[in-house]
Structures are given as C-alpha cells and as structure tokens.
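Reader: I'd like to learn how to read a sheet, a helix and a chain contact. Can you walk me through them?

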Amino acid sequence: MTRNPTILVVDDEPPIRRLLHSALTRGGYGVIEAEDARTALAALPIAHPEAQKVAALDLGADDYVTKPFDTEEVSARIRAALRHRLASETNVPVVKVGAVEIDLLSRTVTKAGREVHLTPKEYGFLAELAKQPGKVATHAHLLRSVWGAGHESDVEYLRVAARGLRKKLEEEASSPSIIRNEPGVGYRLVGAK
Amino acid sequence: MNEPRPDPEALLRAASREGQGRLKVFLGAAPGVGKTFEMLSEGAARRDAGVDVVIGVVETHGRAETEAKLRGFEIVPRKAVEYQGHALEEMDIDAVLARRPRLVLVDELAHTNAPGSRHDKRYQDVEELLAAGIDVYSTLNIQHLESLNDVVASFTQVRVRETLPDRVIEQADIEIVDIPPDELIERLKEGKVYVPHEATRALGHFFSKSNLSALRELALRRAAQAVDAQMLDYLRAHALAGRWAAGERLVVAVSEQPGSLELVRAAKRIADALNAPWTAVHIETPRTARLGDAENNQLAQGLHLASQLGGQVATVPAETVTEGLKRFTEEARATQLIIGKTTRSRWFELRHGSIVDRLVRETPGIAIHVLPMEQAAATAARPVPTPGKWGKPVGYLVSLGLIAAVTGIGLLLSAAENLTNVGLIFLLPVMVAATRYGLRTGIVTGLVSSLAYNFFFIPPTHAFTIQDPQNIITVFVLLAVAGFISQLAARVREQALLAQHSAGQNSALAGFSRLLTGIGRREELGQVLCAEVARLFEVNTILLLPEGADLVLRAAFPPGSDLGMLEDAAAKWAFDHGRPAGRGSDTLTASEWLFQPVSAGGKALGVFGLASPDAQAPIRSDNLPLLLSLLDQAGLALERIILGEEIASIAQLKERDRLRAALLSSVSHDLRTPLTTILGTLAQLRVVKGDEAHIAAARAEAERLNRFVANLLDMARIEPGARARSPEPVDLADAVGTALEDLRRSLGDHQVRIALPADLPLVEVDPQLFHHCLINLIDNAAKHAFAGTTITVAARREGDGLVLEVLDEGPGIPPGEERRIFETFARIEGSDRKGGTGLGLAIVKGFAEAMGLGVTAANRPGGQGACFALSFPPRLLRELVPAE
C-alpha cells in the first residue's frame, strides 16, 4: 500500500492545472500535469452535461465535478475514490454509512444494530451503490445489474426502489442523507466510512 | 429474394388515422333489430369503465326499453333548425366539439340533415368529430350503404334515398346487431318496430322473411368484407407478405347513359371483392361534344359517384369509344374492364359495329364484364337536333347559284360538242355544298343537281322523265356522293371543333403556367390566378390565404369583392378539410360562392372562391376539370413560393443559431475558467491565512458572479426553444433533496421544511431542467424571506393533477406584480440588494413551460410571504404501483 498516491491532472487551461496542483500537493499527493488526454478525472464543459457525464462514467471515470468546482470538494472526492479503491483491494465486506451497515457477504442490512428487511431489488440497488461508495452509479448500470439487460430505460423502477430504501433507512425520507440522486445521471452513496 | 416491404399506401392510411377518433358502427339488417339499444349498452359499459361518454343524438322512437337505457348519460342538447316553418332538431356538432368527450354516441349514420345545417349529411358531421380526435359510436342499416343501394332496391322494391358512401365505414369497427328474421317479424307484429318513412308503403313486402334473410346475409357479408379489408391493410402496413390478390386492376367505362351510376356501383362491388384498385373512365369522342346539359350532368354524376366510392376518375379524348378504351386499358395495365350493355339500336350497330364485339377482338389480354343497364328513362331522350343542322339559308343560295352556273357551262359545252359525261360536272356543287354547309345541304344540292341534269341534259330534255337506265345510275351516284362526302366532311369538322376545344384548354393551361413561372410573391400569384380564372370562366373570383389562424383575402377579381359570414365559414371549412365547400359542392351549399382548396402535396395552402355574377351555379360541370388543373398549378406555384420563403428564413435562423452556439461556448469557457480559478484560490487562502472577512466578501461576490453566469447560460439555452428535452420519471422527493444539497451554502440561516406526501406519483420531466427550476425557486425564496424564517416545500394533489409549492415568510409580492416578476430582468423593489440577477424566475418560467408545467406566483393566503407553485397536468404523472 502506498502512502502517497500520485495523481495525473489533465486540463487545457494552465490556471486550472496550477490551482489543482497546489491544492493536491497540500493534500499530500504527488502531482503530474498534462495538457490533454482525458483519463482518470474528467472536468466537463457545459454543453449537454448529463450525456457527457454518463459517457465519462461509462468510460471508467471514477467521478466527475463540473466547472467551476470547489477545490475542497475535489479533494474530498479524490479521497473517497482512493479509499474505495483501497477498500476493493482489501475486500472490505461491510460498508458503514451513518447508522446503517451493509454486509455484502451475508447480504444483510442493519440500521442501529437492528436488521432491516429489504426486498431483493432494494438490496441489489443498495449493494450496487455500496460496492463503490461515493461513486456515481449510472441509471443504466443500476438497471442492467439489478433488473437485467433490457430494462436500461425503466427509470421508474429505480425511483420506486430508492423511495423504499429511504423509507426504511433514513430518518427523514425527504432529505437524502445517504442515497443521493444526481439528476439525469444516476445515484451515489454518500457519507460512507 | 424479394424483401417484403411495408406498402407505403397502407402506412399512409394508418398514419392519417393517427390522432383521429375511431368509428364503431352497429350494423343491422333492418330497422328494429336493436342497434340503438346495443349501442347504448356498450356506451354505458364504457361510461362505467370511466370513459367520458356523451350522447350527440339518439332516436328512441318512443321505445320504453331504449329510453330507459338513456338514463345516466350526459346528452348534448340538440340544435333547433327552422325549415319552411317546421322546427327540426339536429345534432349540435359545435356543442359536441366544444364539450370534447372521449366518445360520443350518434344514432343513424345515414341521416340527412335539415337544409341549412353545416353538412348535408350526418356522416359528414361524424367525420368532423373523428377528425377532432373524438371516438364515435353510430348505427346503420345495411340498405343505406351506397354500393348496396341497387341490390337492396332490386328485391325489396324500396329505393332508399338516404345513402352512405362506403368509404365511411371502410375503416370503422363494425359490430353486427343480429336477430333471426322470425323474431323480428314477431317484434313487428307486437308494434315494437319503428317503421322508416320510406318503407311504410311496402311494409308487408319489406318485412317478408325472404327479404329479411337476404338483408341479413348482405349485412353479414359486408361486415366480413370490412374485417378482411382491415386485415389486409394491417398485413400491408407490416409487410407480412401474405397472399393477397395482387395485380388486378379494374376499369369501368362511364358514359352519359342513365345506367352508368349502377355500373359504377357494380364496379365498386367487384373491385372490393377482388380487392383491386379501380378507375372510372369516360371516353370523350366527337359525339360527346354534342351532348345536352342533362346528359352532361348524368356523366358528371357518374364520375363523381366513382370518386365518392373511392375510385379514380379519368377522361380520355379519342376518335371512338373502342379506340379510347383500348388505349386507356393498355396504359393503365387493366386486367378487367366493365362496360354496360348499350341500348343502341340494331341499325346503329350495323352501321358502327358493336362496341362489345370490337373490344373483345382488340383487347385480348383483358377480361370484359358486360353488365345490363337500366333502360333509358323517357326524360333522357336523345339529343335534340341542334339548330343549324339543316344548314344556313346562304348555303342553299350558294348551291343553287353553283348549280345554275354549272348548268350554263354544261349547256355551252354540249352545244359545242356532244358530251355524254357532262353529268360529272354536277359533282362540283355537291362537293362544295357537302363540305362547307353540311350533310343536309349537300343532299338537297345533290337532288337539285340531279334534277337539273335530268331536265337539261338527259333525253328527253326539258322533262323530268328518264329513258336511258344508264342515266338513272348517274342520278343515284350524284346523291350517294353527296351523302358520302358530307359525312366525311362533318366528321372532319367535328374533330376540328374538339381539337379546338382541347387546344383551348391546353393553351389556357400552358399560358397560365407561363404566367406563373416568373412569380415570386403571393400577392402577384393571387392577382394572376384571380384574373385568369375570371377571364376564362366569366366569374368573380377571390383568393384567401392563411395568416396565423385566420384566412385572409389576398386577391380578388373584380377587386373589392368581399365575403359574408356564411362564405367565410364555407371558405374556412374548405381550407380545414381540403375539400370544396359552398354552392355546387355538398357542404354549406347556401353560400353564394364555391370554394375550392388550393393545395399541393395533399396539404391545403389556401382557398380559391368563385361566384357567378348572375347568381347562377359558379361553374359548369364540364369546366371543372380545367379549373382544378389551374388550381393545381397555382397550388404548386404557391408551394414553391412558400418553400422559398422558408428556405430564406431557415438560413437566417441557422446563421443566428451558429452565432448563439459560438457565443455560448465562448461564455462558458472564458467566463467559467477564471471563475473556477478565483473561487479555488479563495478557498485555499482561507485555509492558509486568517483574514476571514475580506476573503468571505470576495468569495461571496465571485459566487454571485458565478450564479449570474450560470443563469445567463441557462437563459440562452431556453431561448432557441430547440434544446432537446429528455423527460424521465422523477421522484419529487429525490429532486427536492438534491436541489437542497446543491443550495446548502446559499440558504443561510433559513430552515427548510419539506411536506411531501409519501404516496406521490412520479413526474415526467427533464431532470436537469427541473433541477434548475427548483434551485431557482428555493434560492429566490431564501433571498426574499426574512432572516431566520422557514421555507416550506410542499406538494399536494389538485384534481387529477399535482401542485408543488415553495412558500416563504417574507414581504410577499407587491400587488399586481404576480405576472411581471417572471419577466427577464424584472426585479421587484429592493431585490437587487439581495444579489438577484433578475433571471432566476424567468428561467423557472421558461423551463417549466418547456416541460409542460404551469407556473404561478401569489401571496400566501393566511400568513405573510409569497407562494410559488409549479403545477403538473395529469398526463405528466406516473402513478407508482408498489414494486414486487
């Protein structure tokens, strides 16, 4: 395990690269700059935002932020992405989000120590998010992996499952604390430890 | 291999039905089988299933059981029509259209409306309802069907006058209402059957068991046929290349004879059975140029009926009927020809040969049906001899003069030398008279010539007796030559006349198209069209073109003509339906003007009106084809002009769009990049140093600028109106939660209360646009609310729809400003101090309307503060069925 990961910063604007460079070095990362070639982290222009976000995620991007972004937020996202990479390397089978614990091995979900009964689809949805906490799972990805191929555009299934999960897992159903919707893109699990 | 490809015609038919209402016809064999009862029962079932059903018109004929069925229906009141002192009641079509039910019940599809109604026939009302997207249930007795009219009349002895074109029910769903004949007769005896007016005289005969059985068979067969036709349409549209009768083409020859109408109906029946396209053709020979008005009318009726029954119509000029039919059937690649058995005399056939015989001989590849035709009625007598048939007096004078001169010359010649063949010179006056003055003058001249020859030259001279039989031959030869030559000459003259006529038509068309080519503006086109038609047909003309929702008078000849209310209505109808209206058509016939749509590619582009200055029918039937050709040309020219204008404006739009896109990407890039750097740097500064207050101020301003840029870009995205929107089902709880997440920094010390019921349906919106709507609404509330107060986001059902409200506790909206605050850069007093850009609410309105939502602003009824509401119409709601 490396203590100091190195990050490649790609942007065509020198001021942006300088800004990220200083923010990330202060965060203790090694930084390499490049002017083109889009790979790990995609900063996206405004035109047709949803479509490009989805495309970037499908290409293997871990996450995205849109300009203008907050350097603190970028740092936080990078931390989350790295943690999840470490987590998947060490195969952490239990994901904790607030009072909720998702055990991916025994396929059980508990809230404040008490088991919560989920429908199979609700569990599938939540587990898919929990495998990569903090990362956005696109609508199409969720639908394909939980409901199966052919259901990629049945977004209302997701809405039903998300609503059910919130009711069962969250204090106040209307203010999303752990399952966050990105309009037009997908869902992510926030606050995972 | 032959790839089965969808038949474009079938697809077109299906496409033209989209957005149309469905017609369902309850078809019965005879009155009294219970069609109305059945229709009401099914209507009631639909109503009970939650469909919006009203009754347009239903005749109960006083039957108690039917009347009982009416209960529970909403009935649209009928419209009273005054006609010759009688108060008649008809379906109020405008009231039904205004009511806009899902389904309307309209009894007796074949009914004829009272004079002065919008349409002559009820089925035309129904067609208008269908076109407006309203489903219709209706009832029909089989004998009212146009193509079965003759068949029914032939065995019931009752001729039904109210007929219905077959095309009306061709696309309809048909339900047979059937009871056995015995039962129907029983019901008749019990007085349960209302007897239609036409049948009163023949009551006993009409309701005989054999008749009822025959009618029943007809009804069942027709229904089976309709199902067949619809099945075929489906097969063709979906290219399920099955076996259907391919390649059959029918041609029916239509003449001026009265049996033609039946011939056309028969052709329709045969074509239907063969499932083949068919054409009614009229062969225009020199003889038809001499037809009287009554015959012309008969001919026009035949062709009109054919087009009403769904056939094509053609008129072909030719020397003889046989030759014309031969040529046309070859060109049309017809496989079957239908002609009537003519009522010509044996004598006519001996002279001209039987048309049937010659056709059979000369068109070997075609099956020929020869159908009997009704005997000519007494009224349709043969053509009255046209005046001038006997020739002008001057012809006789000239002929006499010529005979005198020839006699003189003959006498001189025979005095000089004894000539035996002097008789030949008498051919001269006969030929001149026959070619120049016609048959009868020729024959008279021949007679006089032979008398003169006899008197002056044949021994004994100066007497009318003939001794030598040889000379008798000479006299007869003279007469025969006169007859023969005048026949030939008359033919030539008629051909010349006909050629002149069609040359006149062709030159009118050619001249008109020449006139049109140079025209680039609508006004000019209107003037040329109006003046040309007015000149050719001696009528007053007018051209109306659409402007927005109205038809506007763009040209008239003579200039200054104006239209009354009725004419306006007729013009509008003709434009909307793409069919003629007004005098001489079958819609709104009380209008003095006849309106013809000017169309291209099946789309009406304008309406052309014509009226006779002396209030006669605007145009003779034989001139109609020329008029329609002229209008077709005008339609093409008009389309060309409109396309030209569109291309010009599209080019402009494209240029503007290109500029806008360039500006957008420049703004997006050049403004956002420095903002990102400024904001990012400020964020890091705060961590390093402790000068919080100054940095916070700089950061707040930078964020305000950032918001302004974001809104500006959003606004620019609304205005082209062309941004592709992709609605998907969105959970309001999701959307509100995400919006609050994004806003958490600008909410300040406001609390947010969320009041969303648990069972809300999903809403179909573009998630990104909706997100911006919510952000701007909540941001707006936070800006204007008093410090430390609560902002409420609530949703509730209202009627079938849904309302999402954002409520604040603040000064509220100044009275009268509820609308203005949604305008771009509109700011209410003092709001600029709070950092508003003046764009937020304009964006809310623009996005909301683009997604089909309603948006309103008001002050809260109870407390202080404003209430902004987004309303979702029922069509955007998706109720959730609990999963699994």
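Author: Let's go from a sheet to a helix that packs on it, and then to the chain contact. This is a predicted model, where local features need pLDDT of at least 70, side-chain atom pairs count only at pLDDT 80 or more, and totals for chains, interfaces and linings use all residues. Residues are numbered from 1 along each chain as its sequence is written, while chains are lettered from A and ligands numbered from 1 in the order in which they are written.

Reader: What is the order of the strands in the open sheet of chain B?

Author: Strands (E, at least two residues) and helices (H or I, at least four) are DSSP runs, numbered from the N terminus. Two strands pair if DSSP finds at least two bridges between them. Here the order is β19-β21-β26, with antiparallel pairing. β19 (728-730) and β26 (877-878) of chain B each have a single partner strand, so one side of each lacks a neighbour in the sheet.

Reader: Which helix packs on the sheet?

Author: Residues are in contact if their C-beta atoms, placed from the backbone, lie within 7 Å. Helix α6 (residues 155-169) of chain A touches β19, β21 and β26 of chain B.

Reader: How many residues does each chain bring to the contact?

Author: Chain A brings 35 residues and chain B brings 36. On the side of chain A that touches chain B, α6(A) gives the most, with eight residues.

Key: Two residues are in contact if their C-beta atoms, placed from the backbone, lie within 7 Å. Axes are lines fitted to C-alpha atoms, for helices over the stretch in contact, and angles run from 0 to 180 degrees between N-to-C directions.
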